[in-house]
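Please look through the structure shown below, with attention to its aromatic rings and its nonpolar interior. A short report follows.

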Amino acid sequence: MKTNAFVLRHIGPSESSVQEMLNSIGVESLDELIFNTIPDNIRLENGLDLPAPLNEQEFTAHIQGLANKNKQFKTYIGLGYNAAITPAVIQRNVFENPSWYTSYTPYQAEISQGRLEALLNFQTMLTDLTGLPLVNSSLLDEGTAAAEAMIMLFSTRSRAQKKAGVHQFFVSNEVLPQTIDILKTRATPLHIELVFGDHQTITLSKDMFGAIVQYPAKNGNVYDYTQFISKAKEQDIKVVVAADLMSLALLKTPAEMGAEVAVGTTQRFGIPLGYGGPHAGYFATNESYKRQIPGRIIGITKDVDGNRALRMALQTREQHIKREKATSNICTAQVLLANMAGMYAVYHGPTGLKNIALKINSLARNLEVGLNLMGLDQVNDVYFDTVQIPVKDAQNTLKIATENEINFLAIDATTIGISINEMSSISDINAILTVIATSENKEATLFENRSDEQIIPEDFLRKSTYLTHEVFNSYQSETEMMRYIKRLEKKDISLTDSMISLGSCTMKLNAATEMLPLSNSNWQNIHPFVPQDQAAGYLEMLKNLENHLSEITGFAATSLQPNSGANGEYTGLLVIRAYHQSKNQGHRNICLIPASAHGTNPASAVMAGMKVVVTKTSENGNIDVNDLREKAVLHKDNLAALMVTYPSTHGVFESEIKEITEIIHANGGQVYMDGANMNAQVGLTNPGLIGADVCHLNLHKTFAIPHGGGGPGVGPICVAAHLAEFLPSNPVQATGGKNGITAVAAAPYGSAMVDLISYSYIRMLGNDGLKASTTFAILNANYIKSKLEKHYSILYTGEMGFAAHEMIVDFREFKAKGVEVTDIAKRLMDYGFHAPTVSFPVAGTLMIEPTESESKEELDRFINALIQIKSEIEAYTTEGDSVLKNAPHTLQMLTSDTWPYSYSRKEAAFALDYIADRKYWPTVRRVDDAYGDRNLICSCNPIEDYL
């Protein structure tokens, strides 16, 4: 056994167990299994043209060599990105901790109470700082949050505004350029007209439904928007304030100025720059929008014993329920980064946070005084961290600055911007003054100490308190903070505990060697808008990753900008839209979507300006080809696209897939392939061979980026040659196709830092390792199927009776006995497992995807748990006295003096022998979803305040 080969560490089943698994499935070899699973006409004949795999030691040296090509200058560019200090206790115990980064979105609340509490802290922090009472648990970035706010206000226009066709949205010229670009992207398909101007001089009219302003403005000036917002309200115009979160420790809140929505980024709260991401965007608004707010909301409820519990609230807003009626396609957000930002506030508390903000502001004041002593002025009347400085020649000043390893922002030919950050010191201010003195032929006066002068006018300062809750005032020592983080961690199930077999989610190994580069400062501390020669390591890595993903998918080009899977869907459709427009066929707007598709598909299509036409599913779970052909022909003059998932959402390689793609092309459409199930394709087949034109990938599934409890995700799109010219651009840093669509994410390369993980994964596996990973994913799924089909009904299989990489187990037959699929999901917690995907894509079922990383031993534990649960179903008689209905069982129940149940404590908590060594205890009993929705509480005020 070559123990230095990464593939042997990544793949779970041992060599000795493979034959036993194959025997159970009923095939003689892995080749026979693949032959029986994947249709002949779409199997790859040749291997992938990828570099030879590196072992872990070789890769570590390679990635360090790339990191060394990045240049860590002192960067004061700003524009929504600022260097921040990640407290070591948070870096070590959250960012680098697999218990935090390998968990899933907290749909199963009982085994997610730790990260749910961390997210509630995040929401409370934002409620306090913005003054607005309703906050979600993160969005993808500031630009996306601003666009979501615009769309929310558009969809909630008054009846009179809708009747009058009101469709204008005012955008201040001082909004960040990348935000403006995303607003353009989102507005165009929905026929929203953006009106640009100066908020101080614009004539607001009843033709407008909303407006957005930047606070502080992009070049640093702080405006009090109270009067502007008051005038807007007179015209029934709702105002969004894009606010710098750190500035709100000092400045008047958006709520105090009358804003309807506040958006922004939490990057300044201890999150590395990472060449643009990932960072957690935020979205705060009023409670009247609780049914329309995009993204997840964490709320307080109670469990069946009446104890306080947390859960994701108001899930009926989400796309899997609303589908094409959803106003947002937001699915994955940035939970890991939100948790870090919330922990930053917990650790620093209100006093620490205010001191950081005061330090930033006072250093900016030092800079202004130093400029004044040189005879120079800065032009911002009121500022928090950023000054604008007129100079003789901005480019010459930037040249001298870069020679001194410093970056400024060139605002125009004779003005520079300098944004001070948390890492800045008085010596940095002196270095800045020296550079400017050199460029302006002046003498610099240097400082020994930081100024403590308060220079923000009283009228601009916030009057309200913040972070008053106990959680923000209890953990300022590292010992207490470390223990608090650990207490939360122990409440949750992650991949450090057991297999998480969520169908369509691909919870595979996130290897330590893949993760380690993210802690390297040469990757962490690069601003997304630095000159490209300072990011040479990033650009080489990203270009290589684009090329590798293009090769894997069989396409010509890739964009890494989309920073979630749903955003990748949306981007793919926009690229198709741009292609049709380039052919003078912009009228093509019909998107065919199978009934079994993920809910983000129809939501993305509507956001891209398309009309959804649903195609039927046949009895065997496949696309009804006759129905699809009929609808493609019916709409041939206006057909834009088909959205298809392959293998299907039912876990099947449909043999008619090439016929399906040919039907679409014959009728003038393009084929978008949803890459959610790419883990069953890599190295064996690909979207290009199948006949697709564009696909998105979930790097947080197939390519090993961890799920982080609900993000970060990366959703790049790969396209055929004829679509490459339309790949998304960025207004600040050149990227994308020659006729690229406007930006879909704030940063040029989206969440660039975590792309290191997927690059690592591909470089250490190579062609043979990637192919083996796919093969073993299919092996593991079919092994589980072979064992469970003796006890349960398996809904769909391929023509030869095999599953792809996942399968659907049907529990609907037990409903007649009173047993719901939810009971099985909760009971699995007692066996130490996170439930598979519940009731998607078929209600009353579990969709199981084990991935290639799980050993036969772990698969057997999971199988035995479900077999044991089958016997519990068969023995089920009384609802109130059922081991199923009472699941999950907590330690408090088991240690209670009374035990009023007919089954034993051992049956409740230790039903199988393996559990004793691996016992996980849920910290709450089954949560009351309905109570939490009826009594929405989404910040951590004491529960007594609301009862």
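Tyr-275, Trp-523, Tyr-538 and Tyr-749 are joined into a cluster by ring pairs. The model in which this cluster appears is a predicted one, and 24 aromatic pairs are found in the structure. A pair of aromatic rings is described through the distance of the centres and the angle of the planes. For Tyr-579 and Phe-726 the ring centres are 6.5 Å apart and the planes stand at 75°, so this pair is edge-to-face. Because Tyr-579 belongs to helix α21 (residues 565-582), while Phe-726 belongs to the loop between β21 (717-719) and α26 (755-788), the pair ties together parts that are 147 residues apart in sequence. Tyr-579 is buried, with a relative accessible area of 17%, and Phe-726 also counts as buried, at 4% relative accessibility.

Charged side chains also lie over aromatic rings, as the table shows.

| Charged residue | Ring | Distance from ring centre |
|---|---|---|
| Arg-157 | Phe-154 | 3.8 Å |
| Lys-870 | Tyr-792 | 5.5 Å |

Turning to the interior, the largest nonpolar core has 290 residues, and those with the most contacts inside this core are Phe-408 and Ile-418. Helix α14 (residues 335-373) gives the most to this core, contributing 19 residues. Apart from this core lies another one, of 28 residues, which includes Val-694, Val-719, Leu-723 and Val-744.

Beyond its neighbours within four places in sequence, Phe-408 is in contact with several residues, among them Tyr-76, Ile-77, Leu-398, Ile-418 and Ile-436.

Methods
Residues numbered from 1 in each chain as written. Predicted model: local features only at pLDDT ≥ 70, side-chain atom pairs only at ≥ 80, totals over all residues. Heavy atoms only, no water. Core = buried A, V, L, I, M, F, W, Y, C linked by side-chain atoms within 4.5 Å. Buried < 20%, exposed > 50% of the residue type's maximum accessible area, 1.4 Å probe, protein only. Helix = DSSP H or I, 4+ residues; strand = E, 2+ residues; numbered from the N terminus. Contact = heavy atoms within 4.5 Å. Phe/Tyr/Trp six-rings, centres within 6.5 Å; stacked < 30°, edge-to-face > 60°. Lys NZ or Arg CZ within 6 Å of the ring centre and 35° of its normal.
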